[in-house]
Amino acid sequence: MCTVCGCGEGNLTIDGSSHHPHPEHRHEHEPHHHGDGHGETLHYGQGPAHAHAPGLSQSRMVRIEQDILAKNGAYAEANRRRFDELGLFALNLVSSPGSGKTSLLTASIRALQSRMPVAVIEGDQQTQNDAARIRDTGARAVQVNTGKGCHLDAHMVGHALDHLMPLQDAVLMIENVGNLVCPAGFDLGEAHKVAVLSVTEGEDKPLKYPDMFHAADLMLLNKVDLLPHLDFDVAQCIDYARRINPDLTVIQLSATTGEGMEAWLDWVAAGWQQAVTRRRESVAALKRRIAELEARLEAAGLSPGAA
Amino acid sequence: MHEMSLCEGVIQVIEAQAPQQGFARVLGVTLEVGALAGVELDALRFCFEVVCRDTLAEGAALHIRERAGLAHCFDCGSQVEVAQRFDACGACGSYRLQVTAGEELRIQELEVE
């Protein structure tokens, strides 16, 4: 729902059926064009701060102090609880269009499937093509078409998860809309954001889209098999990314040749194992608690089920 | 980034607050926006006006309180101001910075009647 690329929640569909029809907004936006001597650059973000004191009138002030994204945050927390309860290791895959995310995903699913169940939520503005590509691997996939929207939000992901039920002790890959800007701001409840960057893009992309590389925990540098044909400085790219996010983990790989895939698959398997262990431990803790309560009831002369 | 969604979020908060706080119209909205929140203020102002149409905040004035980005440097321990996530420490030049402020994105107050 960018000012530049579109707006409103109209046209959102989950697997082809429409969802939340909203009225259209009008579009009439133009960026400010600064003649700053640096060529043709359109800057949206250089305006000065304007703070105004409210006028004297019959009106009153109400203090609110609420995060604007609180609503998405609440949905994200609900998703996170569901992921925990179901033993799902949820990853939010973000990248530019064309970074090879879907190919990487299909190659990963084929390699992981023998070890664990994998399900996919596919976000795109339009078409069911990517979900169909995923389903060809045998994995379950649900397509969310955001219509004019430029990112998935936690509410859409919650509904998409309903379509994937029953699902337990699995890896859930959420392929976000190809966009390195907006998805950075929307928590979906995932364990990690994974940024996919291909070496056919510029090595300075982390600097150009800092919010995304800051939000990610893992960067996959994809298509490294093409490096001999390109003028791409891997060390420089990683250095730029770590300027934004000093704790960023980086894995270099090629979904096509399989180079480096093992490190990525091991990373996924380790996270999945933790999610499954956590679920089993919490189920075991609940069972202990129930047994404890039953013992207390019995001690009080109220045998459970006696009623 | 997604200023239209943010403005829709503001309207949702306002609509939820209206019955609780007993107001029927919003004349002004004050937001706190950090320099590192990923928000373009010009785009936000534009979207705000559009999104407010046909709501109880139609025509409301938008006031924005900007908050500077601050970071802690792991290498020299300074607290420094940053305008972008990739800024270096102003004291020692290190990039090992932990952002401590400037990510705010909040509705602070409403002027209502």
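Student: In what order do the four strands of the open sheet stand?
Tutor: This is a predicted model. Four strands make up the open sheet, and their pairing is mixed. The order is β5(A)-β6(B)-β1(B)-β2(B).

Student: Which strands stand at the edges of this sheet?
Tutor: An edge strand has a single partner strand, so one side of it is left without a neighbour in the sheet. Two strands fit that description: β5 (60–67) of chain A and β2 of chain B.

Student: By how much are neighbouring strands of this sheet turned against each other on average?
Tutor: Direction is ignored here. The average turn between neighbouring strands is 20°.

Student: Which helix packs on the sheet?
Tutor: Look for a helix touching β5 of chain A as well as β1 and β6 (105–112) of chain B. Its direction makes about 130° with that of β5(A). The helix is α1(B).

Student: How many bridges join β1 of chain B to β2(B)?
Tutor: Strand β1 of chain B covers residues 26–34. These two strands run parallel. The number of bridges is seven.

Student: Which residue in β2(B) stands opposite Thr30(B)?
Tutor: Strand β1 of chain B spans residues 26–34. The residue of β2(B) opposite Thr30(B) is His63(B).

Student: Where in chain B is confidence lowest, and where is it highest?
Tutor: Chain B averages a pLDDT of 92, and 99% of the residues score at least 70. The lowest mean, 90, belongs to helix α1 (residues 3–21) of chain B. The highest, at 96, belongs to strand β2 (residues 61–67) of chain B.

Student: What ipTM does the predictor give the complex?
Tutor: Two scores are given for the complex. The pTM is 0.80. The ipTM is 0.76.

Student: How many helices and strands does chain A have?
Tutor: Chain A has 307 residues, and 40% of them count as buried. Its secondary structure comes to eight helices and 12 strands.

Student: Which residues have the most contacts inside the largest nonpolar core?
Tutor: The largest nonpolar core has 70 residues. Leaving aside neighbours within four places in sequence, Ile174(A) is in contact with residues including Leu91(A), Leu93(A), Ile121(A), Leu152(A) and Val157(A). The residues with the most contacts inside the core are Leu172(A) and Ile174(A).

Student: How many residues does the second, separate core have?
Tutor: Among its members are Ile14(B), Cys52(B), Leu62(B) and Ile64(B). The second core has 33 residues.

Student: In which sense do β11 and β12 of chain A pair?
Tutor: Strand β11 covers residues 218–222 of chain A, and β12 covers residues 249–252. Leu218(A) stands opposite Thr249(A) in β12(A). Four bridges join the two strands, and the sense is parallel.

Student: Through which helix does the chain cross from β11(A) to β12(A)?
Tutor: The path is a β-α-β crossover, and this crossover is right-handed. The helix covers residues 234–244 of chain A. It is α7.

Student: Is Asp239(A) buried, exposed or partly exposed?
Tutor: Asp239(A) is found in helix α7 of chain A. There are 13 other C-beta atoms within 10 Å of its own. Exposed needs 12 or fewer, and buried needs 20 or more. So Asp239(A) is partly exposed.

Student: Is Phe46(B) buried or exposed?
Tutor: Phe46(B) sits in helix α2 (residues 41–52) of chain B. The count of C-beta neighbours inside 10 Å is 20. The cut-off for buried is 20 or more. Therefore Phe46(B) counts as buried.

Student: Where is the residue after the cis peptide bond, Pro166(A), found?
Tutor: Most peptide bonds are trans. The bond from Met165(A) to Pro166(A) is cis, with omega near -5°. Pro166(A) lies in the loop between α4 (154–164) and β9 (171–175) of chain A.

Student: Is Glu65(A) buried or exposed?
Tutor: Glu65(A) is found in strand β5 of chain A. Its phi is near 50°, a positive value in a residue other than glycine. It has 9 C-beta neighbours inside 10 Å, so Glu65(A) counts as exposed.

Student: What is phi of Thr127(A) near?
Tutor: Thr127(A) has its place in the loop between β7 (118–124) and α3 (129–135) of chain A. With 11 C-beta neighbours inside 10 Å, Thr127(A) counts as exposed. Most residues other than glycine have a negative phi. Phi of Thr127(A) is positive, near 75°.

Conventions: Residues are numbered from 1 along each chain as its sequence is written. Chains are lettered from A and ligands numbered from 1 in the order in which they are written. This is a predicted model: local features need pLDDT of at least 70, side-chain atom pairs count only at pLDDT 80 or more; totals for chains, interfaces and linings use all residues. A nonpolar core is a set of buried Ala, Val, Leu, Ile, Met, Phe, Trp, Tyr and Cys residues joined through C-beta atoms within 7 Å. Two residues are in contact if their C-beta atoms, placed from the backbone, lie within 7 Å. pLDDT is the predictor's confidence in each residue, from 0 to 100. Two strands pair if DSSP finds at least two bridges between them. Axes are lines fitted to C-alpha atoms, for helices over the stretch in contact, and angles run from 0 to 180 degrees between N-to-C directions. A crossover is right-handed if, with the strands pointing away from the viewer, the path from the first strand over the helix to the second runs clockwise.
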